[in-house]
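I opened my notebook to look up a few things in this structure. Here is what went in, entry by entry.

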Amino acid sequence: KLSLSSAAAAIAAVEKIRGQVSTVSTACASGLTAIGLGMERIRLGLADTVIAGASDTGVTRFLLNLFCSAKFVSFETENPARAVCPFDLERTRSVLGDAACVLV
């Protein structure tokens, strides 16, 4: 039976990694949540080493349409560098992309 943790459990089995295997699903914050939980396990002495990471889904036509309809996506075309300024008070919304990261 497949579950949310199936991929993580399969990787742990293939690589012979021992210890707790868990998966979090908190939308855009999943990677940050995973890293924070791993850091907390080390801080509390529950683990010596943690592998934490995340990947994001592929951008599909459906997702793009959904985010455009919600006015989430920047329509800045004259100066594309202005479209990607997440911490700028004058930002023009956001852009979509694919990403992945794993920390040990």
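Before the first entry I noted the cut-offs: exposed means over 50% relative accessible area, buried means under 20%, and partly exposed is whatever falls in between. I also wrote at the top of the page that this is a predicted model.

**Entry: the nonpolar patch**

I started with Val104, which sits in the segment after β2. Its relative accessible area is 78%, so I put Val104 down as exposed. Val104 doesn't stand alone: together with Ile17, Ile51 and Val102 it makes up a nonpolar patch on the surface. I looked up the accessible area of the four together and got about 420 Å².

**Entry: the largest pocket**

Next I asked what volume the largest pocket has. I got about 1700 Å³. The lining takes in 49 residues, and those closest to the pocket's centre are Ala34, Ala52, Gly53, Ala54 and Ser55.

Which element gives the most to that lining? My note says α2, with eight residues. I then listed the elements that supply at least two lining residues each: helices α1 (6-14), α2 (30-43) and α3 (61-69), plus strands β1 (52-55) and β2 (100-103).

I also sorted the lining by residue type. I counted 31 nonpolar residues, 15 polar ones and three charged ones.

**Entry: salt bridges**

How many salt bridges does the structure hold? I found one. The partners are the side chains of Arg43 and Glu40, with 2.7 Å from N to O. Both residues belong to helix α2, where they are three residues apart, about one turn of the helix.

I checked how open each partner is. Arg43 comes out at 58% relative accessibility, which is over 50%, so I logged Arg43 as exposed. Glu40 has 29%, between the two cut-offs, so I logged Glu40 as partly exposed.

**Entry: positive phi**

I then went through backbone angles. Lys16 is not a glycine, yet its phi is positive, at about 55 degrees. I found Lys16 in the loop between α1 and α2. Its relative accessible area is 70%, so Lys16 goes down as exposed.

Lys71 also got a line in the notebook: its phi is near 55 degrees, a positive value in a residue other than glycine. Lys71 has its place in the loop between α3 and α4 (80-83). Buried or exposed, I asked myself about Lys71? With a relative accessible area of 56%, Lys71 is exposed.

**Entry: Phe72**

I stayed in the loop between α3 and α4 to look up Phe72. At 37% relative accessibility, I marked Phe72 as partly exposed. I also took a C-alpha distance from Phe72 to Gly36: they are 36 residues apart along the chain, and 26 Å separates them in the model.

**Entry: more C-alpha distances**

Leu4 was next, in the segment before α1. I have Leu4 as exposed, with a relative accessible area of 58%. From Leu4 to Ser22 I got 8.7 Å, C-alpha to C-alpha, for 18 residues of sequence separation.

Then I turned to Thr60, which lies in the loop between β1 and α3. Its relative accessible area is 40%, so Thr60 is partly exposed. For Thr60 and Val95 I noted 35 residues apart in sequence and 13 Å apart in space, again C-alpha to C-alpha.

The final residue I looked up was Arg82, in helix α4. Arg82 is partly exposed, with a relative accessible area of 24%. What separates the C-alpha atoms of Arg82 and Val59, I wondered? I wrote down 21 Å, for two residues that are 23 residues apart along the chain.

Conventions:
Residues are numbered from 1 along each chain as its sequence is written. This is a predicted model: local features need pLDDT of at least 70, side-chain atom pairs count only at pLDDT 80 or more; totals for chains, interfaces and linings use all residues. Side-chain values use heavy atoms; hydrogens and water are left out. On a 1 Å grid over the protein atoms alone, a cavity is a set of points where a 1.4 Å probe fits but cannot get out, and a pocket is an open set with protein on both sides within 12 Å along at least five of seven lines; lining residues have an atom within 4 Å of a point. Grid points are joined across faces, edges and corners, and a volume is the space filled by probe spheres set on the points. Helices (H or I, at least four residues) and strands (E, at least two) are DSSP runs, numbered from the N terminus. Ala, Val, Leu, Ile, Met, Phe, Trp, Tyr, Cys and Pro count as nonpolar, Asp, Glu, Lys and Arg as charged, and the others, Gly among them, as polar. Buried means under 20% relative accessible area, exposed over 50%, partly exposed in between (1.4 Å probe, protein chains only). Patches are made of residues with over 30% relative accessible area and no salt bridge: like charges are joined within 9 Å, nonpolar side chains (Val, Leu, Ile, Met, Phe, Trp, Tyr) within 5 Å. Accessible areas come from the Shrake-Rupley method with a 1.4 Å probe; for residues, only the protein chains shown count as cover.
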